[in-house]
Amino acid sequence: MTQDFMRNFIGAASLAALIGAPSLTGDVRAASLAVAETLFGKTPGGEAVQLFRLENVRGMQVNIITYGGAVQSIKVPDKNGHVADVALGFDNLDGYLYGDAYFGALIGRYANRIANGKFALEGKSYTLPINNPPNSLHGGTDGFDKQIWAGSKIQAPNAVGVELTHFSPNGQMGYPGDLTVTVRYTLDNDNDLRIDYSAVTDQSTVVNLTNHTYFNLAGAGNGAILDQIAMINADRITRVNSTLIPTGSTMDVIGTDLDLTTPTAIGAHIHADNQQLKFAEPKEGGYDFNYVLNNPGDLSALAARVTDPQSGRAVEVYTDQPGLQFYTSNFLNDVHGKDGRIYPHWGAFALEAQHFPDSPNQPGFPSTELKPGEKYHQTTIYRFLPTTFVK
Ligand code: GAL
């Protein structure tokens, strides 16, 4: 069934009621778009962390916590109306406080790696924490994923959500400039989970924000994702060295083990004797590449789609970013997650829309500089299928 057909099939809740929409099983039901706020937990220092629950009429339910601005769960019906949580995460705050996998988190100030934790801007050199030797990863040891964001509900006519804000002072984690960041997560009745990021600075700096949700469309903790089918609309990746830093050149993937331009099972080539796959995961192989999107800046173009043939669930990505980091959780090793479930190696994939890794040191890459008076923007939409279920 095509997406258009599905959309036309169920135009509105009232129509669905008339024709008798299939019913949902599981604990997710909302009569209309709704957003609710509750306490998720308290830090050892006594600071409150809030949880915002977003619900739509198609049985989707998304939880966002103010710690790390993380997506804590995404519940989606499958083709039979059975609801499962497709995002890896933890039931309580401790998992987030002491975890290092970035489950669902907002990543900043700079997503992915900066070589040797160093860059220069307008003649000045900056040094960042080396938390992934020899490089700096995801904004350093105390990045945006470890901050408590201020949250408030969004109740718009066609969407509900949460607006998160965070102030990062000049010099935090080595980055210049006072940076004020706003992230808006919204959910609508077309199963679009939309993330709008913006930031302003008072000094020239670099910014590259993303979200690090780990998806398993069969349900988080339901085995490996090797049978799920990935399509990424990108003919090239930025080639990496053994520390996953771009060499500066791009590599044509068409016809190679990294080619996902046609829908391909994630496990089909993961073990291949390919130097890039081995750099990403030396023992068994894995994907951990910045795919150079074929339609950079075009939020209406399909950037990627991953489908789970068994459940019929799929996630599509639309973004205005030039790159998409496709990561097959190569560093995951039996993490104890929600509902007593274990998240194994290759137990999830991430689709991180962003600028290219190490751009501050790569003059040939699109710039990630932000100057005073300018506004950083990025928008990424995760669209969940099927959309056939309506309460
Ligand atoms: C990804 C990155 C991986 C790994 C992971 C966190 O964004 O591409 O190399 O660092 O985050 O474990």
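These are my notebook entries on a predicted model of a protein chain with a ligand.

**Entry 1: confidence**

I started with how far I could trust the coordinates. The mean pLDDT of the protein chain is 93, and 92% of its residues reach 70 or more. I then looked for the weak stretch and found it at residues 1–20, where pLDDT stays under 50. The model has 24 contacts beyond four places in sequence for that stretch. Where pLDDT is low, the predicted coordinates should not be read in detail. I left residues 1–20, with their pLDDT under 50, out of the rest of my reading.

**Entry 2: the ligand**

Next I went to the ligand. Which residues are closest to the ligand? I noted Arg113, His138, His212, Asp288 and Glu352 as the closest, among 13 residues that surround the ligand. I looked up three distances from ligand oxygen atoms to side-chain N or O atoms:

- For Asp288 the distance is 2.4 Å.
- For His212 the distance is 2.8 Å.
- For Asn112 the distance is 3.4 Å.

How much of the ligand's accessible area does the protein cover? The answer is 95% of the 310 Å² that the ligand has on its own.

**Entry 3: His138**

I stayed with His138, one of the residues closest to the ligand. His138 sits in the loop between strand 10 (136–137) and strand 11 (150–156). Is His138 buried or exposed? His138 is buried, because its relative accessibility is 5% and the cut-off for buried is under 20%. The His138 side chain comes to 2.9 Å from the backbone nitrogen of Asn112. Leaving out residues up to four places away in sequence, I found that His138 touches residues including Tyr102, Tyr110, Asp145, His212 and Glu352. Gly108 is also among the residues that His138 touches, and Gly108 led me to the next entry.

**Entry 4: Arg109 and two cis peptide bonds**

The peptide bond from Gly108 to Arg109 is cis, with omega near 0 degrees. Arg109 belongs to the loop between strand 6 (105–107) and strand 7 (113–114). With a relative accessible area of 2%, Arg109 is buried. What does the Arg109 side chain lie close to in polar terms? I found the backbone oxygen of Pro176 at 2.8 Å from a polar atom of this side chain, and the backbone oxygen of Gly177 at 2.8 Å from a polar atom of it. I also checked Arg109 against Leu209: they are 100 residues apart in sequence, while their C-alpha atoms are 6.3 Å apart in space.

I noted another cis peptide bond, from Pro133 to Pro134, again with omega near 0 degrees. Pro134 is in the loop between strand 9 (124–127) and strand 10.

**Entry 5: the nine-stranded sheet**

I traced an open sheet of nine strands in the order 11-12-13-14-30-24-23-18-21, with antiparallel pairing. Which strands are at the edges? They are strand 11 and strand 21, each of which pairs on one side only. I looked at strand 18 (residues 229–232) from both sides. Towards strand 21 (residues 264–265), it has two bridges, and Ile229 has Ala265 as its bridge partner. Towards strand 23 (residues 302–307), it has four bridges; here Ala230 stands opposite Val306, and Met231 stands opposite Arg305.

**Entry 6: strands 1 to 3**

I then followed strands 1 to 3. Strand 1 (residues 34–42) and strand 2 (residues 48–55) run antiparallel and are joined by eight bridges. Five bridges join strand 2 to strand 3 (residues 61–65), also antiparallel. Phe52 is a handy marker: it is the bridge partner of Glu37, and it stands opposite Ile64 in strand 3.

Both hairpins have five residues between their strands. In the hairpin of strands 1 and 2, Gly46 takes a positive phi near 90 degrees. In the hairpin of strands 2 and 3, Gly59 takes a positive phi near 85 degrees.

**Entry 7: positive phi outside glycine**

Last, I looked up two residues other than glycine with positive phi. Asn116 has a phi near 55 degrees and lies in the loop between strand 7 and strand 8 (118–121). Asp334 has a phi of about 45 degrees and lies in the loop between strand 25 (323–327) and strand 26 (335–336). Asn116 is partly exposed at 47% relative accessible area, and Asp334 is partly exposed at 47% relative accessibility.

Methods:
Residues are numbered from 1 along each chain as its sequence is written. This is a predicted model: local features need pLDDT of at least 70, side-chain atom pairs count only at pLDDT 80 or more; totals for chains, interfaces and linings use all residues. Side-chain values use heavy atoms; hydrogens and water are left out. Two strands pair if DSSP finds at least two bridges between them. Buried means under 20% relative accessible area, exposed over 50%, partly exposed in between (1.4 Å probe, protein chains only). A polar contact is a pair of N or O atoms within 3.5 Å; within protein, one must be able to donate a hydrogen and the other to accept it, and residues adjacent in sequence count only if both atoms are side-chain atoms. Contact means heavy atoms within 4.5 Å. pLDDT is the predictor's confidence in each residue, from 0 to 100. A residue is near a molecule or strand if one of its heavy atoms lies within 4 Å of it. Accessible areas come from the Shrake-Rupley method with a 1.4 Å probe; for residues, only the protein chains shown count as cover.
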